[in-house]
Amino acid sequence: MKIKKQLNDLNLSVKYFFFIVILGVIIGCNVIPTHDPERNYSSIEKSLLSEMLFAKDSTLIQLEEGHFIFKNSLILDNKKNITLRGRGIDKTVLSFKIQENGSEGLKITNSQNIVLEDFTIEDAAGDNIKVTDTKGIIFRRIKSAWTGKVDEKNGAYALYPVVCENVLIEACEVLGASDAGIYVGQSKNVIIRNNKAYWNVVGIESENSENVSIYNNQAHNNTGGILVFDLPGFMRYGRKIKVYDNEVHDNNLTNFAPPGNILGAVPPGTGIMILATREVEIYNNRLINNNTIEMATVSYLLIQMMKDQKSQKNNDLVSNAPSFEDMTDPNFNPYPGNIYIHDNEYGEVSWLPNLSSDFGKLLLWKFGFDRPQIIWDGMESENYLFSNGSLNTADKICIQEVGVKTALLDVANDFEGLVIDPGSFNCEL
């Protein structure tokens, strides 16, 4: 495949050099967001640690109003039917600005039916709230943030349930995460609704998760708004995912993911991206002013190559994602399939994509100022067609959008088969 060479040639192209200069000026003027709330800290660390350690089943742990600072992670392990409740967002504040032990702010493991509600949590060294191996977890009216300027040194995840079942995240506010604000991974039966996600690398991310509904959220001013991902090497893969009735706008923030992070390949200016996952329906969303691409469906191979390009430029020696060539997971399908995109609302295409990413340069190179709002990279699995030449339903990419420009890029064949508004998209699932 010659795409890497084409991207390298593109970076050196005199023809488009002046565009890159223009965007360099634009990027240089990009304001880095800052979150500087006023705080007056006191300590309840010893009493709260003790209360959480010895909490019996079916206990309410009430957090009073105030700004409380901690040196150690707060931990709930092997608990049932526990509610941790504050007096309201920004009324009860748990800060880990001076954290010395542990990486999470609040860590919950091996538990059942846990409710977290009505408080703010800030500045953990790693993830603000991490929940693992738990059946029944509710995040309700939680604000999770890092203070100061957004930075790659911020924790990866604001809210981070992983390997969980029956997850509800509602009416929360997340900002400043150097990976994803709201992330759900390797989990089953998930609802993410009525949340606000901004100033993160990715606002909301579903990764390797099953039976997920993401609706009525606001994802704005992130690098990417909403991502639905599958990565290799995990025990569960994504399926039965619906993304609907969301406001996804102005996601043009500079990508501040740490070097080597796979989300470092997410182009600034991305609305919704589907990567290497299946059985996804996206509808009734409003996508406005995401300057590079409103909607993208891509293979794992393409995003890996984009990430490798960034890593090479940054002289990164280690990546936290396996390469496509070395992938040995027999259960992982690197190609998206059974994708249905329909009845969304789109704004006007911006004059220029964000050229800080190779993806933005690629779109400018191939489409100039008349870019599509929806693309599929066109990379097909070996089973894309049956032996009789008919399309395998499991691999269909169906797009039903009136008056919206779409494109099949045909990346695998060096864009030779690139098609605008292809007839193959005209299907339903």
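**Figure 1. A salt bridge joins the side chains of Glu-170 and Arg-140, with N and O 2.7 Å apart.** The view is taken from a predicted model. Glu-170 belongs to strand 14 (residues 165–170) and Arg-140 to strand 11 (residues 135–145), so this pair ties together parts that are 30 residues apart in sequence. Both Glu-170 and Arg-140 are buried. The two residues are also members of one network, in which salt bridges with shared partners join Arg-85, Glu-117, Arg-140, Glu-170 and Arg-193. In total, the structure holds 19 salt bridges.

**Figure 2. Glu-247 and Arg-286 form a salt bridge whose closest N and O atoms are 3.2 Å apart.** Because Glu-247 lies in strand 24 (residues 247–249) and Arg-286 in strand 27 (residues 286–288), the pair ties together parts that are 39 residues apart in sequence. Glu-247 is partly exposed, at 31% relative accessible area. Arg-286 is partly exposed as well, at 34%.

**Figure 3. A salt bridge within helix 5 pairs Lys-361 with Asp-358.** The closest N and O atoms of this pair are 3.7 Å apart. Lys-361 and Asp-358 are three residues apart in the helix (residues 358–367), so about one helical turn separates them. Lys-361 has a relative accessible area of 12% and is therefore buried. Asp-358 is buried too, with a value of 5%.

**Figure 4. The charged end of Lys-366 sits over the ring of Trp-365.** The distance from this charged end to the ring centre is 4.2 Å.

**Figure 5. Cys-398 and Cys-427 are joined by a disulfide with an S to S distance of 1.9 Å.** The link is left-handed, with -110° about the S-S bond. Cys-398 is placed in strand 32 (residues 397–400) and Cys-427 in the segment after strand 34; the two cysteines are 29 residues apart, and their pairing links distant parts of the chain. Cys-398 is buried, with a relative accessible area of 0%. Cys-427 also counts as buried, at 12%. The disulfide count comes to one. Two other cysteines are buried: Cys-164 at 1% relative accessibility and Cys-172 at 2%.

**Figure 6. Tyr-198 and Trp-199 form an edge-to-face aromatic pair.** Their ring centres are 5.3 Å apart, and the angle between the planes is 80°. Tyr-198 is buried, with a relative accessible area of 13%, whereas Trp-199 is partly exposed at 23%. The structure holds eleven aromatic pairs. Elsewhere, Tyr-157, Tyr-160 and Tyr-183 form one aromatic cluster.

**Figure 7. Trp-376 and Phe-425 form a tilted aromatic pair.** The ring centres are 6.4 Å apart and the planes stand at 50°, which lies between the limits of 30 degrees for stacked and 60 for edge-to-face, so the pair is tilted. Trp-376 lies in strand 31 (residues 374–376) and Phe-425 in the segment after strand 34 (419–420), so the pair ties together parts that are 49 residues apart in sequence. Both of these residues, Trp-376 and Phe-425, are buried.

**Figure 8. His-220 is shown with its surroundings in strand 21 (residues 218–220).** At 16% relative accessibility, His-220 falls under the 20% limit and so counts as buried. Its side chain makes a polar contact of 2.7 Å with the side chain of Asn-221. Leaving aside residues up to four places away in sequence, His-220 touches Ala-197, Tyr-198, Trp-199, His-249, Asp-250 and Asn-251. Among these are Tyr-198 and Trp-199, the edge-to-face pair of Figure 6.

How values were computed
Residues numbered from 1 in each chain as written. Predicted model: local features only at pLDDT ≥ 70, side-chain atom pairs only at ≥ 80, totals over all residues. Heavy atoms only, no water. Helix = DSSP H or I, 4+ residues; strand = E, 2+ residues; numbered from the N terminus. Buried < 20%, exposed > 50% of the residue type's maximum accessible area, 1.4 Å probe, protein only. Polar contact = N/O pair within 3.5 Å; in protein donor to acceptor, adjacent residues only side chain to side chain. Contact = heavy atoms within 4.5 Å. Phe/Tyr/Trp six-rings, centres within 6.5 Å; stacked < 30°, edge-to-face > 60°. Lys NZ or Arg CZ within 6 Å of the ring centre and 35° of its normal. Disulfide = S-S within 2.5 Å. Salt bridge = Lys/Arg side-chain N within 4 Å of Asp/Glu carboxyl O.
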